[in-house]
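Here is a walk through one protein model, from single residues to helices to domains. Keep the viewer open and follow along.

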Amino acid sequence: AHVSNSAEPKVVCVTGAAGQIAYSLLFNIARGDIYGPNQRVILHLLDIAPMMEALQGVVMELQDCSLPLLAGVEATSDPKVAFNNADAAILVGAMPRKEGMERKDLLRANAKIFKEQGDALNTVAKPSVKILVVGNPANTNALITLLHATSLPKENFSALTRLDHNRAIAQVALRVGVSVEKVRNVIIWGNHSSTQYPDVNHGEVEVGGQRKKIKDVIADEAWLHGDFIKTVQSRGGAIIKARKLSSAMSAAKAIVDHMHDWIQGTPEGEFVSMGVHSTGVYGIPAGLIYSFPVTCKNGTYTIVEGLPIDVFSRTKMTETADELVSEREDANQILSA
Ligand code: NAD
Ligand code: LMR
């Protein structure tokens, strides 16, 4: 394939680059899945000092993939080198949870990482840098990063709930017996945690060539309010129980979807879920990183406003917001200790 060399390569920083999500993710970025088939990328790979030898192995493999879009790779344990001039920063590096833990139990181990990286991003990244926090608890870690990168616009920060969004689509598609691309406009509200609210009230599914409301096609409210929500909320835990490791392939796919759509835009009439800075819309406390339905265009996301919210949804949306408020308090305590 012919690659135009005229455009400046985009610098994409991935942290936790020697870890398992990164191992599924880096190849996809380097072959153009985020920026498209005509845009070269330079990868900046960050991990901690003890992982540098393993990271060199990843660098060797990236070279051996022989990918025309990969214009360079830099491996480092210094956040200021990793984030230097970054167009995109994907913050994966953090401790994953083990069976029996909630994601917020990781705050004590992980909060400091995001404080340090927020400071570094603030100093050396491009003012337009797009930041995606994946390391758990993702929403609160994104908030910590935002609060420490004071000179960057709040709209540059996001947390990954696209994996939950994709899980919700997959569950609906399985139940209806259609392929996933027939399902659209499901919403994940709130926290990437077991209080998240997967909502199909505004979603559609194409059956027999006709677009219909998911609610009308799956006319089983007990399932939609019960097992559907539970399955999506607890999917991460179910994978850890089965694999003894947290999700990696599906997490990497969701990261690519999130960054691709943010940068290249969402299709007309479709929205996706992103954890973003709350401005107070839908009565969600301003200042939280909360997952909302968004559309993206020209590299900017816009929260979809004005969707009618029923009583069941309101209760669920408040519950997950309350959890984020309490995580924010825990983070403040941990970081000030
Ligand atoms: P992993 O343990 O395989 O890899 C994590 C890597 O991060 C390791 O190589 C580690 O050395 C590195 N790391 C630790 N501290 C670092 C620091 N200060 N700077 C740079 N790198 C550092 O874990 P994984 O399976 O790749 O998961 C990474 C994180 O992503 C976990 O917190 C996990 O819970 C989270 N996760 C989030 C989602 C989501 O949807 N938001 C999905 C899956 C996993
Ligand atoms: C997931 O949703 O798979 C990840 O957040 C990992 C986890 O801890 O569940």
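Leaving aside neighbours within four places in sequence, which residues is Val272 in contact with? The partners are Arg162, His165, Asp261, Thr266 and Val294. Bear in mind that this is a predicted model. Val272 itself sits in strand β12, which covers residues 272-277. Is Val272 buried or exposed? A residue with 20 or more other C-beta atoms within 10 Å counts as buried. Val272 has 26 such atoms, so it is buried. One further pair is worth locating. Ile303 is 31 residues from Val272 in sequence, and their C-alpha atoms are 9.7 Å apart.

One partner of Val272, Asp261, leads to helix α11. Asp261 is among the buried residues of α11. The others on that list are Ala251, Ala252, Ala254, Ile255, His258, Met259 and Trp262. The helix runs over residues 249-264. Its 16 residues should span 22 Å at 1.5 Å a residue, and the end C-alpha atoms are indeed 22 Å apart, so the two values agree. Just past the helix, Gly265 takes a positive phi of about 100°.

Another partner of Val272, Arg162, leads to helix α6, residues 162-176. How do α6 and α11 meet? Two packed helices are described by the angle between their axes and the distance between the axes. Here the axes come within 8 Å and cross at roughly 105°. Angles of 65 to 115 degrees count as roughly perpendicular. The two helices, α6 and α11, are therefore roughly perpendicular to each other. On the α6 side, the contact is made by Arg162, Leu163 and Asn166. On the α11 side, it is made by Ser250, Ala251, Ala254, Asp257 and His258. By class, this contact has 3 nonpolar, 3 polar and 2 charged residues. Note the overlap: Ala251, Ala254 and His258 take part in the contact and are also buried residues of α11.

Now take helix α12, residues 311-336. What span should its 26 residues have at 1.5 Å a residue? The expected value is 38 Å, and the end C-alpha atoms are 38 Å apart, so expectation and model agree. Its buried residues are Lys316, Met317, Thr320, Ala321, Glu323, Leu324, Glu327 and Ala331. The cover over them includes helices α4 (107-124) and α5, along with strands β8, β9 and β13 (289-297).

Two of those covering strands, β8 and β9, frame the next stop. Ser194 lies in the loop between β8 (187-189) and β9 (197-199). Ser194 has 17 other C-beta atoms within 10 Å, so it is partly exposed. Beyond residues up to four places away in sequence, Ser194 touches Glu102, Gln233 and Ser234. Ser234 is 40 residues away in sequence, yet the C-alpha to C-alpha distance is 6.0 Å.

Next come the backbone exceptions. Most residues other than glycine have a negative phi, and most peptide bonds are trans. Ser66 is not a glycine, but its phi is positive, about 50°. Ser66 lies in the loop between α2 (52-64) and β3 (70-76). Only 12 or fewer C-beta neighbours within 10 Å make a residue exposed. Ser66 has 7, so it is exposed. Lys244 also has a positive phi, about 60°, without being a glycine. Lys244 lies in the loop between α10 (235-243) and α11. With 9 C-beta neighbours inside 10 Å, Lys244 counts as exposed. The peptide bond from Asn136 to Pro137 is cis, with omega near -5°. Pro137 lies in the loop between β5 and α5.

Finally, step back to the domains. The chain is divided into domain 1 (10-159) and domain 2 (162-326). Their centres, taken over C-alpha atoms, are 23 Å apart. The contact takes 33 residues from domain 1 and 28 residues from domain 2. Which elements supply at least two residues each of the domain 1 side? They are α1 (20-30), β4 (88-91), β5 (130-133), α5 (138-148) and β6 (157-159). The largest share, 6 residues, comes from α5. By class, this side has 16 nonpolar, 7 polar and 10 charged residues.

Technical notes:
Residues are numbered from 1 along each chain as its sequence is written. Chains are lettered from A and ligands numbered from 1 in the order in which they are written. This is a predicted model: local features need pLDDT of at least 70, side-chain atom pairs count only at pLDDT 80 or more; totals for chains, interfaces and linings use all residues. Domain bounds come from an automatic or database domain assignment. Two residues are in contact if their C-beta atoms, placed from the backbone, lie within 7 Å. Helices (H or I, at least four residues) and strands (E, at least two) are DSSP runs, numbered from the N terminus. Ala, Val, Leu, Ile, Met, Phe, Trp, Tyr, Cys and Pro count as nonpolar, Asp, Glu, Lys and Arg as charged, and the others, Gly among them, as polar. The expected span of a helix is 1.5 Å times one less than its number of residues. Axes are lines fitted to C-alpha atoms, for helices over the stretch in contact, and angles run from 0 to 180 degrees between N-to-C directions. Angles under 35 degrees count as roughly parallel, over 145 as roughly antiparallel, 65 to 115 as roughly perpendicular and the rest as oblique.
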